[in-house]
Amino acid sequence: MTRDQLLERLSKHRLVGNAPKKEWEWLADHGEYRCYSNGQLIASKGVRIPEFHIVFAGRFGIHVQERVGWRRVLEWKA
């Protein structure tokens, strides 16, 4: 994704779209665009996620294992 495409997506994002353009430019210059596969783990239990994530498409969540199976605790959507 080009810088201009990323700035366009940031400007239309429901949470960061109202931020000043200078902030989107900082994110585009210092961030990293990542695309995850369906079901891909980005962290395991006890591992901190040090990055700030902005979801453009799809969703991801935090799940915990209980005696009866997995339970979704949090979910983020585009």
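This short talk goes through the pockets and the nonpolar surface patch of one structure.

Please keep in mind that this is a predicted model, in which local features need pLDDT of at least 70 and side-chain atom pairs count only at pLDDT 80 or more, while totals for chains, interfaces and linings use all residues. Residues are numbered from 1 along each chain as its sequence is written, and side-chain values use heavy atoms, with hydrogens and water left out.

Let me begin with the largest pocket, which holds about 1600 Å³ of space; a pocket here is an open set of points on a 1 Å grid, where a 1.4 Å probe fits, with protein on both sides within 12 Å along at least five of seven lines, and lining residues have an atom within 4 Å of a point. It is lined by 43 residues, and those closest to its centre are Tyr36, Gln40, Ile42, His53 and Phe60. Strand E1 gives the most to this lining, with 7 residues, where strands are DSSP runs of at least two residues (E), numbered from the N terminus.

The second largest pocket has about 260 Å³ of space, and among its 14 lining residues, His53, Ile54, Val55, Phe60 and Trp76 are the closest to its centre.

Turning to the surface, what counts tryptophan 76, in strand E2, as buried, partly exposed or exposed? Tryptophan 76 counts as partly exposed because its relative accessibility is 36%, given that buried means under 20% relative accessible area, exposed over 50%, and partly exposed in between, with a 1.4 Å probe and protein chains only.

Notes
Points joined across faces, edges and corners; volume = space filled by probe spheres on them. Helix = DSSP H or I, 4+ residues; strand = E, 2+ residues; numbered from the N terminus.
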